[in-house]
Amino acid sequence: MATPTATRSYEDVNVGDALPTLTKDPVTHLQLVRYAGASGDFNPLHTDPKIGEMIGTGGIIAHGMLIMGFVGELLSDYVGPQAIRKFGVRFKGMTHLGDVITCSGTITEKYEADGEARIAGTVQAADQNGDIKVTGTFVATLPRRHV
Amino acid sequence: MFDTSKIGQSFAPFTYEVQRNKINELTAAIGDKNPVYHSREAAQAEGFTDVPISPTTPTMFSFWGNRQRGASMADLGINVARILHGEEEYEYLAPIYPGDTLTGTTTLIDGKTRQGSGGHSMDILTMETRYVNQHNQAVLNTRTTVVVRE
């Protein structure tokens with residue numbers, strides 16, 4: 001797979017490097033309505049405040065996939081959209097309206113596989129209080145520097 | 001409690017046609033302003049054939065493409081109203097572009113029932129979907145783990 005927008009090369013990064021953090025705007029009700037329509041996940045606990053009160057989530061909660069989308073933005077900004085080979089997350093906590101999510105990541109491995117120079121790493125998303133929303137891992141390819 | 005004899009069962013394949021406007025819409029909702037997701041011209045200027053998919057675009061393939069998603073889960077004995085999303089994983093095998101027609105086949109690959117602390121049991125189920133494009137090329141594998149509280 002080509003990686004047209006890669007802005008850094010394999011040689012530029014090291015195990016232990018942190019990815020530049022990404023802090024998102026506060027999560028809004030309108031954003032969850034837009035995300036429901038875009039993604040096709042119309043579970044009302046993400047859009048209808050009455051359901052949230054009924055099931056005891058303390059109001060509506062964000063789609064977990066929206067938070068994974070924030071982390072995806074972090075990764076795609078770092079390696080480019082088509083350079084990600086694997087991306088997985090575990091959902092750890094609910095995100096409420098007004099929460100400010102910060103995504104971060106660390107490179108844990110550099111190696112070659114399938115003829116590509118690859119990095120692997122860990123990622124997470126947490127709110128303004130440091131409460132973890134998702135944790136995950138990724139594998140991506142970076143181009144080698146031409147000498 | 002789900003029916004453990006269903007582990008290994010696959011469901012009827014579904015198709016999804018990848019659309020540029022839906023990639024725009026999803027990344028706009030996320031607030032990802034990377035121009036390559038919002039304009040074909042911007043994407044081509046960066047060397048892409050067309051607007052590339054964003055990392056979590058595959059969620060649309062399942063929710064919009066798999067019209068039997070709810071029915072498939074109900075068939076496994078899952079109470080769809082009590083599902084929590086536990087894990088999501090993507091393995092990107094080849095580029096996916098607007099105009100591609102993907103065919104997804106979902107299989108229940110793992111499942112177990114656990115006793116929770118309050119005496120309630122919960123089911124933990126993992127479904128894998130393998131996608132091929134219109135050239136029958138494998139392009140994407142996804143794994144979704146859901147927790148169903150009884």
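How many residues of domain 1 of chain B are in contact with domain 2 of chain B, and how many residues of domain 2 do they meet? Keep that in mind while we look at how chain B is split up. One thing up front: this is a predicted model.

## The two domains of chain B

Chain B comes in two parts by domain assignment. Domain 1 is built from two stretches, 4–18 and 57–149, while domain 2 covers 20–56. Between the C-alpha centres of domain 1 of chain B and domain 2 of chain B there are 25 Å.

Back to the opening question: 8 residues of domain 1 of chain B are in contact with 11 residues of domain 2 of chain B. On the domain 1 side of that contact, you'll find 6 nonpolar residues, 2 polar ones and no charged ones.

## Where chain A meets chain B

Now for the contact between the chains. Chain A puts in 33 residues and chain B puts in 29 residues. Three elements of chain A each supply at least two residues to its side of the contact: α1 (29–39), α3 (64–79) and β2 (84–91). The most comes from α3(A), with 11 residues.

What is the chemical make-up of the side of chain A that touches chain B? It's a mix: 14 nonpolar, 10 polar and 9 charged residues.

## A strand pairing across the chains

β2(A) also pairs with a strand of the other chain. Its partner there is β2 of chain B (residues 83–92), and the two run antiparallel, with 5 bridges between them. If you want a spot to look at in the viewer, try A:Phe87, which stands opposite B:Tyr90 in β2(B).

## The strands around β5 of chain A

Follow β2(A) within its own chain and you get to β5(A). These two strands are antiparallel too, paired over 7 bridges. One of the matched pairs is A:Ile84 with A:Ala140 of β5(A).

β5(A) pairs with β4 of chain A (residues 116–126) as well, again antiparallel, through 9 bridges. Here A:Arg118 stands opposite A:Thr141 in β5(A). β4(A) and β5(A) form a hairpin with 5 residues between the strands, and in that hairpin A:Gly130 takes a positive phi near 85 degrees.

Why is β5(A) described as largely enclosed by the rest of the structure? Because 7 of the 10 residues in this strand (residues 132–141) are buried. For a residue to count as buried, 20 or more other C-beta atoms have to lie within 10 Å of its own.

Technical notes
Residues numbered from 1 in each chain as written. Chains lettered and ligands numbered in written order. Predicted model: local features only at pLDDT ≥ 70, side-chain atom pairs only at ≥ 80, totals over all residues. Contact = placed C-beta atoms within 7 Å. Helix = DSSP H or I, 4+ residues; strand = E, 2+ residues; numbered from the N terminus. Nonpolar A, V, L, I, M, F, W, Y, C, P; charged D, E, K, R; others polar. Pairing = 2+ DSSP bridges. Domains from an automatic or database assignment. Buried ≥ 20, exposed ≤ 12 C-beta atoms within 10 Å, placed from the backbone.
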